[in-house]
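Here are a few exercises to work through with the model open beside you. Try each one before reading its solution.

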Amino acid sequence: MKKITLLGSTGSIGTQTLDIVAQNPDKFQVVGLAAGNNVEMLAAQIRQFKPEIAAICAENKLPALKEAIKDINPQPILLAGDAGIIEVARYGDSESVITGIVGCAGLLPTIAAIKAGKNIALANKETLIAGGPVVLPLVAEYGVKLLPADSEHSAIFQCLQGIPQGSLRKIILTASGGAFRDWAVEDLANVTVADALKHPNWSMGRKITVDSATLMNKGLEVIEAHYLFGKDYDDIEIVIHPQSIIHSLIELQDTSVLAQLGWADMRLPLLYAMSYPERIHTDWERLNLVKAGNLTFREPDHHKYPCMNLAYAAGRSGGSMPAVLNAANEQAVAMFLDEKIKFLDIPKVIEIACDRHQSDNRSNPCLEDILTADNWARNEVINATKQLENSPQVISLR
């Protein structure tokens with residue numbers, strides 16, 4: 001029985017994690033739950049999984065949550081706000097914390113969990129992208145495991161099991177191509193929010209689905225792979241694989257290539273991160289290669305997906321630049337989802353923020369530097385949108 005805490009319990013990652021727990025009640029026990037603002041769903045989760053502690057980020061929703069579970073006995077500890085989420089992350093004797101909070105909001109709770117000696121199942125890539133220079137030293141200092149729980153990095157991690165140190169030559173990240181993989185570049189000017197949210201293969205949250213449509217999610221994964229596996233950016237490649245059957249590959253020094261395959265189901269990498277190093281039997285649909293049919297690959301179109309180049313450039317700059325890239329992207333995507341900017345404005349405002357940060361980039365940032373850069377970048381994107389309104393052709397993407 002492994003005791004776990006789940007951050008972001010009402011989101012896509014959270015609900016799939018709890019589905020795994022429900023299917024394996026003899027393997028996992030939920031100690032803590034933390035959610036954003038969905039009182040009804042969090043209350044139902046508390047009833048089903050009986051955590052010792054729970055928190056809702058929206059402080060004004062705490063009275064409603066208390067009312068919704070007032071008949072439960074014993075009552076869990078109930079908290080609210082960012083401080084409440086952090087307390088859940090470090091609470092009790094849970095062995096592993098699954099970080100499903102969207103965006104850089106997961107950084108401080110993840111740091112709190114690490115300092116409490118808990119292993120991290122990382123389903124929140126932004127935490128490592130923005131905070132890698134701080135998070136990785138803490139992982140080493142506290143002797144905890146940092147296990148990737150998203151499909152691509154889990155695939156790489158699985159392929160590396162049993163591989164001698166120094167054998168890894170290259171990482172190949174596969175990408176579905178997102179909602180617009182079959183669109184002409186000239187049609188992207190007319191993209192709506194509804195268009196961007198039609199992912200062809202995966203069921204995910206709104207933010208990451210837009211990231212998939214811009215391929216920023218793959219650019220961010222390049223930076224995450226650099227931090228997780230220590231490879232230079234020249235040795236991390238992106239390839240479009242429309243079927244999403246091969247979740248990523250590694251090339252070894254002798255040119256052998258290993259891949260991890262499976263249906264497009266986020267529960268697979270989540271389960272491995274939760275159960276590592278064990279392999280737990282499931283009754284999920286098994287991969288049938290004949291049914292999967294042809295597996296095809298193509299090079300990504302850099303003109304169509306400029307966010308990839310922005311991510312590589314930010315990663316190579318290092319320091320606090322990836323934090324700026326990540327925060328600028330979060331702000332830009334949020335504004336697009338609110339229909340305040342157009343789809344093609346997303347990479348433009350991100351580039352403005354990154355360019356303006358070059359003279360202030362901290363080569364060895366501390367946590368305060370990262371949080372400051374994050375906040376600055378969000379404001380800079382808001383300012384950049386005003387610049388685009390006045391001069392929409394001013395930006396020339398890399």
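**Exercise 1.** Find the loop that holds Pro277, then work out whether the peptide bond from Tyr276 to Pro277 is cis or trans.

*Solution.* Keep in mind that you're looking at a predicted model. Start with the location: Pro277 sits in the loop between H11 and helix H12 (289-292). Next, check omega for the bond from Tyr276 to Pro277; it's near 5°, and the bond is cis. Now step back into the helix before that loop. H11 covers residues 267-275, and eight of its nine residues are buried. Among them are Arg267, Pro269, Tyr272 and Ser275.

**Exercise 2.** Look at the step from Asn73 to Pro74 and describe the peptide bond there.

*Solution.* Read omega first: it's near 5°, which goes with a cis bond from Asn73 to Pro74. Then place the proline: Pro74 lies in the loop between helix H3 (62-68) and strand S4 (77-80).

**Exercise 3.** Decide whether Pro109 is buried or exposed, and list what it touches.

*Solution.* First, locate it: Pro109 is part of helix H5 (residues 107-115). Second, compare its accessibility with the cut-off: buried means under 20%, and Pro109 has 4% relative accessibility, so it counts as buried. Third, look for contacts, skipping residues up to four places away in sequence: you should get Leu7, Ile85, Ile86, Ala89 and Ile101. Finally, take the pair with Leu7: Pro109 and Leu7 are 102 residues apart in sequence, yet their C-alpha atoms are 8.4 Å apart.

**Exercise 4.** Work out which way the side chains of strand S5 (residues 96-99) point, and find the strands that pair with S5.

*Solution.* Begin with the general pattern: side chains in a regular strand alternate between the two faces of the sheet. In S5, Ser96 and Ile98 point one way, while Val97 and Thr99 point the other way, and all are buried. Now for the neighbours. Strand S1 (residues 2-7) pairs with S5 in the parallel sense over four bridges, with Ile4 opposite Ser96. Strand S6 (residues 119-122) also runs parallel to S5, joined by four bridges, and here Thr99 stands opposite Leu122.

**Exercise 5.** Explain why strand S8 (residues 168-175) can be called largely enclosed, then sort its pairings into parallel and antiparallel.

*Solution.* Count the buried residues: six of the eight in S8 are buried, so the rest of the structure largely encloses this strand. For the antiparallel pairing, go to strand S10 (residues 246-252), which four bridges join to S8; Lys170 has Glu251 as its bridge partner there. For the parallel pairing, go to strand S9 (residues 236-240), with five bridges. In that pair, Ile171 is opposite Ile236.

**Exercise 6.** Check the backbone of Thr255 and Glu339: is phi positive or negative?

*Solution.* Thr255 has phi near 80°, which is positive even though the residue isn't a glycine. You'll find Thr255 in the loop between S10 and strand S11 (257-261). Glu339 isn't a glycine either, and its phi is positive at about 60°. Glu339 lies in the loop between helix H14 (321-337) and helix H15 (345-357). With a relative accessible area of 64%, Glu339 is exposed.

Definitions and conventions
Residues numbered from 1 in each chain as written. Predicted model: local features only at pLDDT ≥ 70, side-chain atom pairs only at ≥ 80, totals over all residues. Heavy atoms only, no water. Buried < 20%, exposed > 50% of the residue type's maximum accessible area, 1.4 Å probe, protein only. Helix = DSSP H or I, 4+ residues; strand = E, 2+ residues; numbered from the N terminus. Pairing = 2+ DSSP bridges. Contact = heavy atoms within 4.5 Å.
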